[in-house]
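Q: Please take a close look at a single part of this structure: one strand and the elements packed around it. A connected account is preferred to a list.

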Amino acid sequence: MVIKLIAVDLDGTLLNSEHKISDYNYKILKEAEKNGIKVIISTGRLYSSLYKYKKELELKTPVICYNGAKAVDGITDETLFEVNLDEKITRRIIEIARENNIHLNLFQDEKWYIEATREEVEIYGNASGLEYHLLNFDNINNIKATKVMFVGENVRLKEIEKIIKSEFENQVYSAFSKPHFLEILDKKVSKGAALEKISKMLNIDRAEIMAFGDGYNDIEMLEFAGVGVVMGNSPEELKLMFENIADSCNNDGVGKFIAEKLGYDIK
């Protein structure tokens, strides 16, 4: 197996339930780098939210964030590409959130905006480590949201997703990064599309890519990679879609799979 690039999701994949990179996963990824394999982070997080993990891994490779809506140069921190939601669509999504009394996060210019302090704010804050900015979305004169995220019970979010798809059809991309996180981005956006762009920049064929993920927002990335790997803690529906299944994020699933497939004998 010839692998030249490993793309790895963070939450529920490389990170354990305490949002930490285990010593074993760290050692395996550094071993992969020693063997000439490029390691890139591919996450739904903001760049500011994932930066500490990039720094911990000492990565200088491009970073995919916002579920593929943005990619950043790992050395200069400059934006390689970014795709924002259409402002009219974003404003209508804001109305939908208000009409259905469901919490909405808006992300723009590496900042997290909310309209009200609710229980859902704490849920996302604990997961991301970010601090929110409270304001009325109507007071944002020029909305260029990289993404918006509904936060709530999965049953309600599925109802919201039906409304979004009904109103916008093929104008947006929607995906659940977690059962209680429904993310909405521009129709051209996905982790898979972003990985394809990055792989072309690095002159790496898709057959030479191994990718890891645990959520529905990882599907396109896992499908694009020559070796797409689903975590053991992923939803059962997702595990049925892919041949390769790693151990759970709390049991060094990423590191174990890489070590087995690439022959690394590291304890």
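A: Two strands are said to pair if DSSP finds at least two bridges between them. The model under discussion is a predicted one, and strand β11 is a suitable place to begin.

β11 spans residues 181-186. Six of its six residues are buried, so the strand is largely enclosed by the rest of the structure. Two strands that pair with β11 can be named. β9, residues 147-151, is joined to β11 in the antiparallel sense over four bridges; within this pairing, Val 148 stands opposite Ile 184 of β11. The other partner is β10, residues 172-178, which also runs antiparallel to β11 and is joined to it by six bridges. Here Val 172 has Asp 186 of β11 as its bridge partner. The connection between β10 and β11 is short in sequence: two residues lie between them, and the two strands form a hairpin.

β11 and β9 also take part in covering a helix. The buried residues of α4 are covered by elements that include these two strands, together with α2, β6 (103-108), β7 (111-114) and β8 (132-134). The helix α4 itself occupies residues 119-128. Its buried residues are Glu 120, Val 121, Tyr 124, Gly 125 and Ser 128. They cover an arc of only 135° around the axis, and therefore lie on the same side of α4. Such an arrangement can be read against the geometry of the α-helix, which has 3.6 residues a turn, so that residues three or four places apart point the same way. The other side of α4 carries Glu 119, Glu 122 and Asn 126, which are exposed. Following the helix is Gly 129, with a positive phi near 75°.

The helix α2, residues 47-56, can be described in parallel terms. Tyr 47, Ser 49, Leu 50, Tyr 53 and Lys 54 are its buried residues. Viewed down the axis, these fall within an arc of 145°, so they line one face of α2. They pack against α4, and also against β2 (38-41), β3 (63-65) and β4 (70-72). Lysine appears in both settings: Lys 54 is buried, whereas Lys 52 and Lys 55, on the other side of α2, are exposed. After α2 comes Glu 58, whose phi is positive and near 55°.

Tyr 124 leads from α4 to the wider interior. This residue, buried in α4, is among those with the most contacts inside the largest nonpolar core, which has 52 residues; the others named are Ile 6, Leu 14, Met 210, Phe 212, Ile 258 and Tyr 264. Helix α9 (residues 253-262) supplies the largest share of this core, five residues. Apart from this core lies another, of 24 residues, including Ile 94, Ile 102, Ile 143 and Phe 176. Phe 176 falls within the residue range of β10, the hairpin partner of β11, which brings the account back to its starting point.

A polar site may be added for contrast. Asp 9 is located in the loop between β1 (5-8) and α1 (23-34). Its relative accessible area is 5%, and it is therefore buried. The side chains of Asp 9 and Lys 191 are joined by a polar contact of 3.0 Å. Beyond its neighbours within four places in sequence, Asp 9 is also in contact with residues including Leu 14 and Phe 212, both of which are named among the most connected members of the 52-residue core.

Conventions. Residues numbered from 1 in each chain as written. Predicted model: local features only at pLDDT ≥ 70, side-chain atom pairs only at ≥ 80, totals over all residues. Heavy atoms only, no water. Buried < 20%, exposed > 50% of the residue type's maximum accessible area, 1.4 Å probe, protein only. Arc of directions from axis to C-beta. Contact = heavy atoms within 4.5 Å. Core = buried A, V, L, I, M, F, W, Y, C linked by side-chain atoms within 4.5 Å. Polar contact = N/O pair within 3.5 Å; in protein donor to acceptor, adjacent residues only side chain to side chain.
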